[in-house]
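Visitor: Please take a close look with me at how one part of this structure is put together, and then lead on from there to its surroundings and to other places worth pausing at. I am in my first year, and I would like each term explained when it comes up.

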Amino acid sequence: MTAQAVQQEDLAVVIGLEVHVQLETDTKIFCGCSTDVADDEPNTHTCPVCLGLPGALPVLNEAAVESAVKVGKAIDADVPAETAFHRKNYFYPDLPKGFQITQYDAPICQDGELEVEVEGERRTVGIRRAHLEEDPGSIQHEGGSIDTADYTLVDYNRAGVPLMEIVTEPDFRGAAEVRAFLAKLEEVLEYLGVFDSQRDGSLRIDANLSVVPGEEIDDGAISDEALEDANRTEVKNISSHKGAEKALSYEATRQKNAVKRGREVAQETRHWDESRGITVSMRSKEEEKDYRYFREADLPPLRVSDWKEQLEIPELPDARRERFREEYGLSAEAASKLTSTKQVADFYEDVAGEYDPDLAATWVADNLLGELNYRDMAITDVADRLGEFKRLVELVADGEITTKNAEEVVLREMLDEGDDPETVIDREGLGKADEGAVEGAVAAAIEENPDAVEDYHAGEDGALNFLVGQVMQKTGGSADPGSVNGLLRERLDE
Ligand SMILES: [Zn+2]
């Protein structure tokens, strides 16, 4: 090993995150405009409040506060009895008021944590704070980038959409941990029903990353002094788990190489360029004092004293996983698959409540999720058809159709053609063969295969299986192999 390589390995990466998530509410955080703006014309979801017109006053959306308190409960944070809103002052065309309403020194959630599993090991990530704020509008540079565009358009449809900014402690030691945390955070938020990961732009990540000498890390923790000594960069414009892992791997390597060559890492903001797979320097970072935070005088202090006790939150993924293992006797892997989203877990419990839990697990985790995954679909894409899939499990449980046909024909055609199970079974003639037909096929198989019959009487094991196969073929796979087996023995032993 060269001296340089040793030096490089001695460097440890320290990452903290600021994650912006869009809260799922019907209306914006300070006005009655709809948040459902996805495909609508620009500037059609606006009013004097979200356009920042003089004299317009904000009114806080109760649903956004409820969502924030639920998040606080889920991450085991302190929710102070009284919190407040502040103005963060800066000028940018997407911010018509000239300030953003946010929370500064009294965030609604403080000192929380989230447990994540990284490579089989459980770790706790500290969450310093989580606060409510409004989204700015969106800016579109026509005909190029910010430097080269012919002109720029501003759309205020997003202005005032409720966001929660979740700020972690610098607890991550690598990009893979960040990815695991983001997946877990999304999972918890979706269980709470306050977030939709499928919505465009619903997750945006900024990350602070620095490299420090490895000896400064003591049992996973890093001293405040070491962190202050290290220059850090803020990486912006990350919008997915995968993007986060790539951007932070890149940035960690870039900083390590700089340190290794004896260059100082500049304290700066860098932009993640997804298409080029690199981070580029943006501008020197504003400091907190540049924003001139002060209390938002148009909103009174927010008192949420006992909301945390009153609001109910659903069972969270980790607890549900544990219960599935105990209550239904599932393996860790099956329990994990079946709790991957709340919709999957709810559907599994619905099916397991009526049929054998193992059969239900096979059908939901392996068959249904497997076929959906193959088609690049999620359970939410078939949310209104879950009754049909449950009927298919019922048909299998009642022996109305063979498992093989249900898996290989009916389920697949239900997904590809959009038909219900009965329609596919009728069309493909997969209904259970009637007794007469099975008996006829048994008689014919014996008649047509005298050699196999002879082998059976001579005690050859394979002969019976061969005859069962013949009967299954004659009935188009619709007979039950077990009863065919019994029926054949009866006839052959007569
Ligand atoms: Zn509005």
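Guide: Strand S3, which covers residues 86-89, is joined to strand S16 by two bridges, and the two strands run antiparallel. Strands count as paired if DSSP finds at least two bridges between them, and the elements themselves are DSSP runs numbered from the N terminus, with helices (H or I) needing at least four residues and strands (E) at least two. This is a predicted model, in which local features need pLDDT of at least 70 and side-chain atom pairs count only at pLDDT 80 or more, while totals for chains, interfaces and linings use all residues. Residues are numbered from 1 along each chain as its sequence is written, and side-chain values use heavy atoms, with hydrogens and water left out.

Within the pairing of S3 and S16, histidine 86 stands opposite arginine 295, and arginine 87 has phenylalanine 294 as its bridge partner. S3 also pairs with S4, again in the antiparallel sense, over four bridges, and there asparagine 89 is the bridge partner of phenylalanine 99. Taken together, the three strands form an open sheet in the order S4-S3-S16. S4 (99-102) and S16 (294-295) stand at the edges with a single partner strand each, so one side of each is left without a neighbour in the sheet.

The loop between strand S2 (82-83) and S3 holds alanine 84. With a relative accessible area of 3%, alanine 84 is buried; buried means under 20% relative accessible area, exposed means over 50%, and partly exposed lies in between, using a 1.4 Å probe and protein chains only. Leaving aside residues up to four places away in sequence, alanine 84 touches Gln103, Ala106 and Arg295, where contact means heavy atoms within 4.5 Å. Arg295 is the residue that stands opposite histidine 86. On the way from strand S15 (278-283) to S16, the loop contains arginine 292, whose phi is near 45°, a positive value in a residue other than glycine. Most residues other than glycine have a negative phi. At 56% relative accessibility, arginine 292 counts as exposed.

A positive phi also turns up in another pair of strands. Strand S5 (residues 109-118) and strand S6 (residues 121-134) run antiparallel and are joined by nine bridges, with glycine 112 opposite isoleucine 127. S5 and S6 form a hairpin with two residues between them. Glutamate 119, in the turn, has a positive phi of about 50° although it is not a glycine, and it counts as exposed at 78% relative accessibility.

Another place to pause is the zinc ion, which is coordinated by the SG atoms of Cys31, Cys33, Cys47 and Cys50 at 2.3 to 2.4 Å. Donors are N, O and S atoms within 2.8 Å of the metal (3.2 Å for Na, K and Ca), and sites may look incomplete because water is not among the atoms. Along the sequence, the donor residues follow the spacing C-x1-C-x13-C-x2-C. The four donor atoms subtend angles of 102 to 113°, which makes the arrangement tetrahedral. Cysteine 31 counts as buried at 14% relative accessibility, cysteine 33 is buried too, and cysteine 50 is buried with a relative accessible area of 7%.

Seen as a whole, the protein is divided into domain 1 (3-310), domain 2 (317-428) and domain 3 (435-492), with bounds that come from an automatic or database domain assignment. The centres of domain 1 and domain 3, taken over C-alpha atoms, are separated by 67 Å. In helix H9 (residues 342-352), several residues are buried, among them Val344, Phe347, Tyr348 and Val351. What covers the buried residues of H9 includes helix H7 (317-328), helix H8 (332-338) and helix H10 (357-374), and also helix H3 (175-192) and helix H11 (386-397). Helix H11 is also the place of glutamate 388, which touches Met414, Asp419, Asp420 and Pro421 when residues up to four places away in sequence are not counted. Glutamate 388 and glutamate 422 lie 34 residues apart in sequence and 9.1 Å apart in space, C-alpha to C-alpha.

Note on methods:
Four donors count as tetrahedral if all angles lie between 85 and 135 degrees; four count as square planar and six as octahedral if opposite donors are over 155 degrees apart and all others between 65 and 115; anything else is irregular.
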